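The paragraphs below go through the strands of one chain and then the nonpolar cores and a helix. Please keep the model open while reading.

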Amino acid sequence: MNAWRALGLSVMALLASTAAGATVVVHDDRGAVLTFAASPQRIVSLLPSLTESVCALGACTRLVGTDRYSNVPESVRTLPKLGGIEDAQVERIVALRPDVVLAAPSARVIERLEALGLKVLVLESRDHADVRHSLDVLAQLLGAPERAAALWARIDAQTRAAMARVPLAWRGQRVYFEVDATPYAAGAGSFIGETLQQLGMGNIVPPALGPFPKLNPEYVVRAQPDVLMAPARNLAEMPQRPGWSRLVALQKKRACGFDAARYELLTRPGPRLGEAALVLADCLARLPIDAAP
Amino acid sequence: VTLTANPARVQRQRLALALVVLAAVLGLLGLAAGSEGFVFADVFGTAPNADAALVIGQIRAPRTLGAWLTGALLGLAGAVAQGLFRNPLADPFLLGSAAGASFAVTVVLAASGAVARSLGVDAAGWLAQLGLVGAACVGAMGGVLLTLLLARGAQQTTRLLLAGVVVGVVLSALGDLLTSAAPEALRARQVFMLGSTGFLGWNSVVLLAVGLVIAAPLAWRLARVLDALTLGEDSARSLGLALPRLRLVLVAVLALATGLAVSQAGLVAFVGLVAPHLVRRAAPSPHGYTLLASAATGGALLLGADVLARTLIAPQELPVGVLTALLGGSYLLWLLHRRGMP
């Protein structure tokens, strides 16, 4: 075990030293150009999906701190937690002396950190294309651009495997994916909708309504979705909503309730998109086949 | 009809008629307003189908009635509060009921998150669905009770008012503290604070109706107390009214009406504040009339906002509380601009 770890460390040191020689230039999603004399070794990530991306690209050890919601992979749980998107702790971030801070465009702390002389790389993660682009930029930043393609190939392979698992009877059926009980839905234009589309599933919310629209509850009842997908606790209370007990999908138990961990996986646009597709496909495969419309 | 028509009386009759017509028209619009905008064919049965019957009977009808009833309870509570405190700025959420309700809701949301982790999702779902409505109601009344305790009863109006403000500040701060510890409750809490009429079903309608049937006659019987109070507390006392006890009953009516409204539709802003102003402007009258007309005005206001929330960007929805604040608020601003407060 120790030998492996030593080997790993020395490989990493080698990588670091080769990377250290070259200047790294990356463009972020604001159009800012960030130049680093060497590939950053101390990274703070303020978004769970970016934390996951850095780790999936094999640079987990370079993370020195994350936001409070980053919890995957296991190793990031012990890192200093620096607050959330609204209340990031500027002082603690600066004290960590990061070479670069990764953040979402909505993070309020960006200007403050830049004024204090830190480099902030801003990355969008709204849809699949954004995720792919973020992985490319991060791989460049980490001095290993080739890893992005390999990681994306793995996500692709997982998605294809998921596609193969979806029973034929369910192909093309329209899904209502509930994000919040208000009710907010994940529409066809969201990254969740994109994954469903890859699995050959339709959506009751067309892209024109935007990625996560707040719907009139009546819209869902009228649309009579073929399959319901929601956090398990939302699914449990659906029959009590006025008129919802008449949803055929609810009566025939054509519904996927996700526990907190799975739901979190599904709602994170990051390197586990392939895993998310597998979770969705597994649920569809487990639905009673005689209930298929 | 007497020959010497009293102008004030004519005003009152006109307003009453207008409110009835408004309720009927808005009710009809409410039945027709759905996720596809206005569709009258469904309502008048020219295009009968089972789907439309379900949607209208189980979703739009209770939602429409529920919105009116919620607004009515808030309008009534607002009129009671403004009479009780002899202050046109008083609003039904003043005595700590809003803060109490939102704090209790936050506690349930945070707890159901914790329960989901330890006891499983079914238990949490049960807690959440039974808990939110109950918690809002209990919380609203608890907030008022706390205010009464702090003010040592309803002896002094200023003391009561101050206690209400303090309870409001402390409870909402506690709620904020809780959400920073359990951030998963944040979104649902915000939805509650904005108010929502989307999930009002027949159960809610029955509950709200019972509440209004209890609160409105009670308030109406106590209207003479509010009338006496407009002359000042000393004059009221000299008329032989047992002020502390009567005031307590009025506070109870206030708490019941707000607690019920809040438990079904969240913290719908501004209806309770604006409705009595509209009534006083249209037909200045003693409290008996003002109370009931405020209820009808509140109902019309919230139902109107609900219809707009459903149709403006259908099939998407706007938060109804935002619309009531915008509608009521801009009307008050216009009024202020035209001629000081009524």
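Which residue stands opposite F258(A) in strand 11 of chain A? That residue is P231(A). The model is predicted, so local features need pLDDT of at least 70 and side-chain atom pairs count only at pLDDT 80 or more, while totals for chains, interfaces and linings use all residues. Residues are numbered from 1 along each chain as its sequence is written, chains are lettered from A and ligands numbered from 1 in the order in which they are written, and side-chain values use heavy atoms, with hydrogens and water left out.

Strand 10 (residues 227-231) of chain A pairs with two strands, where helices (H or I, at least four residues) and strands (E, at least two) are DSSP runs numbered from the N terminus. Pairing requires that DSSP finds at least two bridges between the strands. With strand 11 (residues 255-258) there are 4 bridges in the parallel sense. Strand 7 (residues 174-180) also runs parallel to strand 10, joined by 3 bridges, and V175(A) has V227(A) as its bridge partner. Because 5 of the 5 residues of strand 10 of chain A are buried (under 20% relative accessible area, 1.4 Å probe, protein chains only), the strand is largely enclosed by the rest of the structure.

The largest nonpolar core (buried Ala, Val, Leu, Ile, Met, Phe, Trp, Tyr and Cys residues joined through side-chain atoms within 4.5 Å) has 69 residues. L76(B), L160(B) and L291(B) touch the most other members. Helix 11 (residues 243-265) of chain B gives the most to this core, 12 residues. Another core, of 59 residues, lies apart from it and includes L102(A) and C283(A).

In helix 13 (residues 287-311) of chain B, 22 of the 25 residues are buried, so this helix too is largely enclosed by the rest of the structure.

Technical notes:
Buried < 20%, exposed > 50% of the residue type's maximum accessible area, 1.4 Å probe, protein only. Expected span 1.5 Å × (residues − 1).
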